[in-house]
Structure formats: structure tokens, C-alpha cells
Amino acid sequence: MKVRLLSIGKDRSGLFEPAVQEYARRLEHYTRFELLELTEASGKKLKPGDAKAAEATAILGKRKPQDWVVALDERGTLLDSVELSRYVAKAQTGAKDLLFVIGGDEGLDDTVRAAAHQVISLSKMTLPHRLARVVLIEQLYRAFTILKGEPYHK
């Protein structure tokens, strides 16, 4: 099983990237893990709707046939840590790879949400997409420790 986390844009603040890299390193102990960062389309002088559509095309172009696409959206289903670990286990059992997708500043285009096997929310609150990436990667690490019965999850 492989887990990929695809996000739009880079952390220009430098606040979140160290945490992302730390959890990515930890995840390698449990699964093949890859971070994919796509360039923001909004910087290309496009109208807001056009930027989201261009990002959607780039996102969906990274999808592979064996992927279960999981889109992050504030309107998605709220999962607790144990429920996320069960979802990861289901993907492992089904020999599926997981592709988690976090949109850019404007969120995800409807075509990405429609193409997703699951749409989840990390919170009812709107999170900056760079912070959402840290929260998601930590929760993925937690999910694997739950599945292995390790003491990280309390």
C-alpha cells in the first residue's frame, strides 16, 4: 500500500513544513509515503473559478487506477482517529493506495469532490490549507499506530 498526500501550493511561512517533514519521516516506518505539491493556479492571473478548474485538472491527472481518492473539504464527513484508521485498514485489505487531496486557497473544485471515493473534513472550522496538511499527516501517522497497537494513540 502507498499513501500519497497531494496539496496545492507551498508553505511560504516556514511554520508548517518542519512538522510535515517529521510526520512524513515517521510514516515511512509503516507505509510507502509520498508528498506531492502542485503549483497554485491562482498565481497565473486566472479568474478564481478558472484557477480552481485548472488545479482540478492537475490534481485528477495525478490519480492512478488503484487509488482511493480522499478529498479534504470542510463540508465532508467528520471522522475521528479510530474511524480514519479503519478506513486505512480497509484500503490495505482491498490492496488500494490512498491519495489524499488538499486544495489551495480557494478549496477544491466540484469535479475533484465528485471524483473522490470519500470526502472528509478535519474540522467544522475552516483551516488554512497548510495547517490542514499538518493535521492530516499527523492523523495518518496516528492511524497507523492505532492499527499496530502502538502507544502513540491514547
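**Exercise 1. Find which residues isoleucine 137 touches, leaving out residues up to four places away in sequence.**

Solution. This is a predicted model, so we're working from computed coordinates.
- Step 1: Pull up Ile137 and look for heavy atoms within 4.5 Å. You should land on Leu5, Val20, Tyr23, Ala24, Leu27, Phe33 and Leu35.
- Step 2: Now zoom out to the largest nonpolar core, which has 27 residues. Ile137 is among those with the most contacts inside this core, along with Leu98, Phe100 and Leu140.
- Step 3: Ask who supplies the core. Two or more residues each come from β1 (2–8), α1 (17–27), β3 (67–78), α3 (81–93), β4 (97–102) and α5 (129–148). The top contributor is α5, with 8 residues.
- Step 4: Don't stop there, as another core of 13 residues lies apart from this one. Its members include Ile8, Ala56, Ala71 and Leu108.

**Exercise 2. Work out which residues of α1 are buried, and why they end up on the same side of the helix.**

Solution.
- Step 1: Use under 20% relative accessible area as your test for buried. In α1, that picks out Val20, Tyr23, Ala24 and Leu27.
- Step 2: Look down the helix axis. These residues span an arc of only 105°, so they sit on the same side of α1.
- Step 3: Flip to the face turned away from the buried side. There you'll meet Pro18 and Arg25, both exposed.
- Step 4: Check what lies over the buried residues of α1. The cover includes β2 (32–38) and α5.
- Step 5: Tie this back to Exercise 1. Val20, Tyr23, Ala24 and Leu27 also turn up among the residues that Ile137 touches.

**Exercise 3. Identify the side chain that makes a polar contact with the side chain of lysine 2.**

Solution.
- Step 1: Place the residue: Lys2 is in strand β1.
- Step 2: List its contacts, skipping neighbours within four places in sequence. You get Thr31, Arg32, Glu34, Asp97 and Leu98.
- Step 3: Pick out the side-chain partner. Glutamate 34 is the answer, at 3.0 Å.

**Exercise 4. Describe the largest pocket: how much space lies in it, and which residues are closest to its centre?**

Solution.
- Step 1: Start with the volume, which comes to about 390 Å³.
- Step 2: Go to the lining, made up of 22 residues. Leu72, Asp73, Glu74, Gly107 and Leu127 are the closest to the centre.
- Step 3: Sort the lining by element. β3 and α5 are the ones giving two or more residues, and β3 has the largest share, with 4 residues.

Note on methods. Residues are numbered from 1 along each chain as its sequence is written. This is a predicted model: local features need pLDDT of at least 70, side-chain atom pairs count only at pLDDT 80 or more; totals for chains, interfaces and linings use all residues. Side-chain values use heavy atoms; hydrogens and water are left out. A nonpolar core is a set of buried Ala, Val, Leu, Ile, Met, Phe, Trp, Tyr and Cys residues joined through side-chain atoms within 4.5 Å. Buried means under 20% relative accessible area, exposed over 50%, partly exposed in between (1.4 Å probe, protein chains only). The arc is that of the directions from the helix axis to the C-beta atoms. A polar contact is a pair of N or O atoms within 3.5 Å; within protein, one must be able to donate a hydrogen and the other to accept it, and residues adjacent in sequence count only if both atoms are side-chain atoms. On a 1 Å grid over the protein atoms alone, a cavity is a set of points where a 1.4 Å probe fits but cannot get out, and a pocket is an open set with protein on both sides within 12 Å along at least five of seven lines; lining residues have an atom within 4 Å of a point. Grid points are joined across faces, edges and corners, and a volume is the space filled by probe spheres set on the points.
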